[in-house]
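Let's take a walk through this protein together, starting from the whole and working down to single residues. Keep the structure open beside you as you read.

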Amino acid sequence: MINSNENEIPHIQFKDVYFSYPEKKDNLIFKCNFSIDKPGFWMIVGKNGSGKSTLLKLINGIIKPKNGIVKCKANIGMVFQNPDHQILMPNCRSELLININQDISDYEITKKIECVLDQVGLNGFEKRPVHTLSGGQKQRLTIASALISNKNFILLDEPTAFLDQNSQLKVLKTIKNLTSDYKKPVSALWITHRYEELTYADAVAELKNGFLSNWQEPSKFQYK
Ligand SMILES: Nc1ncnc2c1ncn2[C@@H]1O[C@H](COP(=O)(O)OP(=O)(O)O)[C@@H](O)[C@H]1O
Ligand SMILES: [Mg+2]
């Protein structure tokens, strides 16, 4: 199936959004306003329990706001903390195959698989069994899955939480490359509690006590 959204620039907008879980009376997300309307590497930082994953669920429509408006015109691919919860197939090629949602020839499929593996720095990994990949390589495979299904907006929920520093850097650089590609840049929203990752972002907002700050330059954030 060809997705008509494929070539459009994704657009996400929150207008005065409030959210609380049913059994809690206090708002977890409070008067939240932000938009993402161009490709780039966007990051939201916040401590554990600050509501970051909840914000992502509001973006992709898993939960609805108590008040306010969430507009999301994007073809979203998700990357979670633990790639083992997300990867279904035994090797890289078969994992990517199940994510191709287009009716294309075998030749085109092989080319596409090569292309997305190249984009995430996993050239030549077609036949590699998933269980032989490092955590960082698995995360990059999940990113390749999003690319091969023509997602134009990748939401990453603490994708480096289980990774060592070397793998963390490779995943960060993969997203940096994809979002700064001059021909067809991807939009990515990266959620983290690790302040040292912010330097890779084009813009950063902080979620604190229910409030999301405005987008700011990463250099405005002190390493905490
Ligand atoms: N389904 C849920 N029902 C009730 N409370 C929840 C639910 N999911 C998360 N929470 C609570 O909401 C708060 C924020 O959670 P979360 O969005 O996961 O934060 P973060 O991703 O920043 O660690 C936490 O106090 C958490 O316990
Ligand atoms: Mg979370």
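What follows moves from the overall fold to the sheets, the ligand and a few individual residues.

Please keep in mind that this is a predicted model. The protein has five helices and nine strands. Read from the N terminus, these elements come in the order β-β-β-α-β-β-α-α-α-β-α-β-β-β.

How does the radius of gyration fit with a compact globule? For 224 residues, such a globule would have a radius near 17 Å, and the protein, at 18 Å, agrees with that. The C-alpha trace spans about 55 × 40 × 35 Å along its principal axes. As for the interior, 35% of the 224 residues count as buried. The contacts reach far along the chain: among those between residues at least 6 apart in sequence, 72% join residues at least 24 apart.

Now turn to the sheets. In general, the strands of a sheet pair through backbone hydrogen bonds, in either a parallel or an antiparallel sense. One open sheet here is made of three strands in the order S2-S1-S4, with antiparallel pairing. Its edges are strand S2 (29-36) and strand S4 (67-73), each of which pairs on one side only. On average, neighbouring strands in this sheet are turned by 15° against each other, direction ignored. Strand S1, residues 11-19, is joined to S4 by six bridges. If you would like a landmark within this pairing, find Lys15, which stands opposite Ile69 in S4. Helix H1, residues 52-59, packs on this sheet and touches S1, S2 and S4. The direction of H1 makes about 120° with that of S1.

A further set of pairings brings in strands from distant parts of the sequence. Strand S3 (residues 40-45) and strand S8 (residues 203-208) run parallel and share four bridges. Here Ile44 stands opposite Ala205 in S8. S8 also pairs with S9, this time in the antiparallel sense and over two bridges. In that pairing, Leu207 has Leu212 in S9 as its bridge partner. S8 and S9 form a hairpin with two residues between the strands, and Asn209 takes a positive phi near 50° in this hairpin.

Just past this hairpin, Asn214 is found in the segment after strand S9 (211-212). Is Asn214 buried or exposed? Asn214 is exposed, because just 10 other C-beta atoms lie within 10 Å, and a residue counts as exposed at 12 or fewer. The C-alpha atom of Asn214 is separated by 11 Å from that of Met43, although their positions lie 171 residues apart along the chain.

Next, look at the ligand. Which residues surround ligand 1? They are Tyr21, Leu28, Gly46, Asn48, Gly49, Ser50, Gly51, Lys52, Ser53 and Thr54. By class, this shell holds two nonpolar, seven polar and one charged residues.

Two loop residues make a good last stop. Asn150 sits in the loop between helix H4 (135-148) and strand S6 (153-157). Its phi is positive, about 60°, although Asn150 is not a glycine. With 18 other C-beta atoms within 10 Å, Asn150 is partly exposed. Glu158 belongs to the loop between S6 and helix H5 (165-179). Glu158 is not a glycine either, yet has a positive phi of about 50°. Glu158 counts as buried because it has 20 C-beta neighbours inside 10 Å, and 20 or more is what burial requires.

Note on methods. Residues numbered from 1 in each chain as written. Chains lettered and ligands numbered in written order. Predicted model: local features only at pLDDT ≥ 70, side-chain atom pairs only at ≥ 80, totals over all residues. Rg over C-alpha atoms; globule rule 2.2 N^0.38 Å. Contact = placed C-beta atoms within 7 Å. Near = placed C-beta within 6 Å. Nonpolar A, V, L, I, M, F, W, Y, C, P; charged D, E, K, R; others polar. Pairing = 2+ DSSP bridges. Axes fitted to C-alpha atoms, helices over the stretch in contact; angles between N-to-C directions.
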